[in-house]
Amino acid sequence: MSQAVTMEKMVAFCKRRGFVYQSSEIYGGLRSSYDYGPLGVEMKRNIKEEWWRSTVHMRDDVVGLDAAIIMHPKVWEASGHTATFNDMLVESRTSKRRYRADHLIEDATGIDAEGLSPEELTKIIQEDDRVKDPVDGGRDFAPVRPFNLMFETYMGPVKSDENLAYLRPETAQGIFVNFKNVTQTSRVKVPFGIAQQGKSFRNEITPGNFIFRTREFEQMEMEFFVEPGTDEEWHEYWIEERWNWYLNLGIREENLRRYEHPKEKLSHYSKRTVDIEYNYPFAGWSELEGVANRTDYDLKQHAEHSGENLEYIDQTTNNRYYPYVIEPAVGPDRIMLAFLMDAYTEEEVNGEERTVLKLHPRIAPTKAAVFPLSKKQPVSTIARELYDDLKGDYRLFYDDSGSIGRRYRRQDEAGTPFCVTVDFDTIEDKQVTIRDRDTLKQERIPIKAVRDRLKDLISG
Ligand SMILES: Nc1ncnc2c1ncn2[C@@H]1O[C@H](COP(=O)(O)OP(=O)(O)OP(=O)(O)O)[C@@H](O)[C@H]1O
C-alpha cells in the first residue's frame, strides 16, 4: 500500500515516469532544485488550478492578484524579514558542514528546539553529547548564529548597497502592499480576501526531502481581511475549509492532522497559527499548510513605513479600522508530494502486480486515454476522431502501441483515471468502453455520450 512507499522509490518513480527530474542533471545536478516533467507539470498545474477555482472563482468574496517577485527593499524591513527571517545556523568545525541548529538537536535528542535563541541552542549543543555531526560524529561546533534566508540580488548594472534587492521569501507581502489599490479599484468589502500564487525563494540551510523543502518553490497564499473581533471565528472557518479541500480531493483523512503552534513559539505577527500536517512516510508528521491569524500587524507596519494610511473605511458606517488578516498559506510542490505519496499503490490484480497512482481525477495529470484496439482503419480513425474532439477539454493521451494490457498499466502508473477503448464492435454499434482505473470496471456507452460521461466522472 502507499504507506510503504519510500522516498527513494518515489524519487525514482517520479523520474522514470516524467513527473520530477533533478535540475541540471547532465551537469551533475543542482542540489535541492527540481524540474517538473511532462506529467509533473500537468499535475502541479491541476493543483494550482483547483486551489484557484475553490479559493477565487467559487467565492464571491475573494479576488486574485499577481505581484512582482522583486519588491522594494523597504517592504522587507516593514514586514520584519530583514531583521528576523532567520534560521539558526551551526557549523561543524571538523567537517565544515552547516546545519540548522534546531533540526540537529531535534534529530539527535528529540528536544523541541524550534524558536530557541542562538545562546540557548549553543548551550544545548555544547552540553548534550547526543548532538553529533551527522557526517563525522564530531562534537566541535562553532557558536550558533542567525542566518537570514532571503536571496539577495542587485537591480541594474551596479552592485552596490543602494541596488540591493531581494527575491521574495513569501507572496503575502505583495498582497499587503496592494491592499489600498485593490480596495480602491474593485468593489470588495470586508470581509474579503486577496489570493496569489507564485514563486518564492528561501536560502534554506538544509533543503531536502525532494520537493518538500527547496530553495526555489511556489506558494499559494490568501490574505482574508476581517473586522477585528471576528478574526477568531474566521480563523476556524478557514482551517475547516482548507482541511476539507484536501479531503474533497481524496487525501486520506488518517494522514492529516492539525497542529496548534504553542503560544510562546508563534511568529512575531501571529495571534494563533494552526498547521495542517501530513504524515509523510519519510519524515512523519510535517507541515503541509499553515493557517495563521496575522492580526493587523502587516498593514500597520506598511502604513508606518510607507507613510500611507492603509485603514479600511466601512462605507455604510463610516468606521475606519485596520482589518485583521487570516492567512492560509501553502506550497503546491509540498501538496504534490503529499498527493503522490497518498496515491501511490502497488497491488495485485488477477495474479499480476500493478503500480497505480490513485489520484483524484481533478488532480491526475492526464484525465483520460484513448486506445484503438487496432492500428488499422476504421478502428484507428474512429479513435483519432474521438481524441481530436475531446482534447480541447483537458489533457488527453492517445496510445496505439503495445497490447491493451500494457497500455492500461502505463496509464495506471501515470494516474490516468479513465481509458476509452475503440474496438471492432465500435464499427457496428458506435459504442466504446470506458475503464475505471481504481475499480477496473468497464462500461459500454455510445461514442456520442463520451464527452458528458467523462465530464461527470472527472468532476467526481
Ligand atoms: N522551502 C520550501 N519548499 C517548499 N515549500 C515550502 C518551503 N517553505 C515553505 N513552503 C510552503 O509554504 C507554506 C507557507 O510557508 P511558511 O512560511 O508558513 O512555512 P514554514 O513554516 O517556514 O515552513 P517550514 O517550517 O517547513 O520551513 C508552507 O506550509 C509550505 O507548504
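**View 1. The protein is divided into three stretches of structure called domain 1, domain 2 and domain 3.** Domain 1 is built from two pieces of chain, residues 2-71 and 164-341. Domain 2 covers residues 86-148, and domain 3 covers residues 366-459. The C-alpha centres of domain 2 and domain 3 lie 56 Å apart. The model shown is predicted.

**View 2. The whole protein holds 15 helices and 23 strands.** Its C-alpha atoms fill a box of roughly 75 × 65 × 50 Å along the principal axes. What share of the 460 residues is buried? The answer is 35%. Now look at contacts between residues at least 6 apart in sequence. Of these, 64% join residues at least 24 apart.

**View 3. A UniProt record marks out residues 8-361.** The entry is unreviewed, and it lists this stretch as "domain: Aminoacyl-transfer RNA synthetases class-II family profile". Within residues 8-361 the chain is 31% helix and 29% strand. Follow this stretch from one end to the other: the end C-alpha atoms are 26 Å apart.

**View 4. Strand 9 spans residues 192-201 and is largely enclosed.** Why is strand 9 described as largely enclosed by the rest of the structure? Seven of its 10 residues are buried, so the rest of the structure largely surrounds it. A residue counts as buried here if 20 or more other C-beta atoms lie within 10 Å of its own. In a regular strand, side chains alternate between the two faces of the sheet.

**View 5. Strand 9 pairs with strand 3 and with strand 10.** Strand 3 (residues 62-65) runs parallel to strand 9, with four bridges between them. Leu65 has Gln196 of strand 9 as its bridge partner. Strand 10 (residues 216-226) runs antiparallel to strand 9, and 10 bridges join the two. Here Lys199 has Glu218 of strand 10 as its bridge partner.

**View 6. A shell of 15 residues lies around the ligand.** Which residues come nearest? They are Phe217, Gly290, Ala329, Gly331 and Arg334. Four elements give two or more residues to the shell: strand 10, strand 13 (284-295), strand 16 (324-330) and helix 11 (332-343). Strand 13 gives the largest share, three residues.

**View 7. The shell around the ligand mixes three classes of residue.** How many of its residues are charged? Eight are charged. Four are polar, and three are nonpolar. Strand 10, the antiparallel partner of strand 9, is one of the elements that give two or more residues to this shell.

Methods:
Residues are numbered from 1 along each chain as its sequence is written. This is a predicted model: local features need pLDDT of at least 70, side-chain atom pairs count only at pLDDT 80 or more; totals for chains, interfaces and linings use all residues. A residue is buried if 20 or more other C-beta atoms lie within 10 Å of its own, exposed if 12 or fewer, and partly exposed in between; C-beta atoms are placed from the backbone. Two residues are in contact if their C-beta atoms, placed from the backbone, lie within 7 Å. Domain bounds come from an automatic or database domain assignment. Two strands pair if DSSP finds at least two bridges between them. UniProt positions are given in the numbering used here, feature names are shortened, and annotations may be inferred rather than shown by experiment. A residue is near a molecule or strand if its C-beta atom, placed from the backbone, lies within 6 Å of it. Ala, Val, Leu, Ile, Met, Phe, Trp, Tyr, Cys and Pro count as nonpolar, Asp, Glu, Lys and Arg as charged, and the others, Gly among them, as polar.
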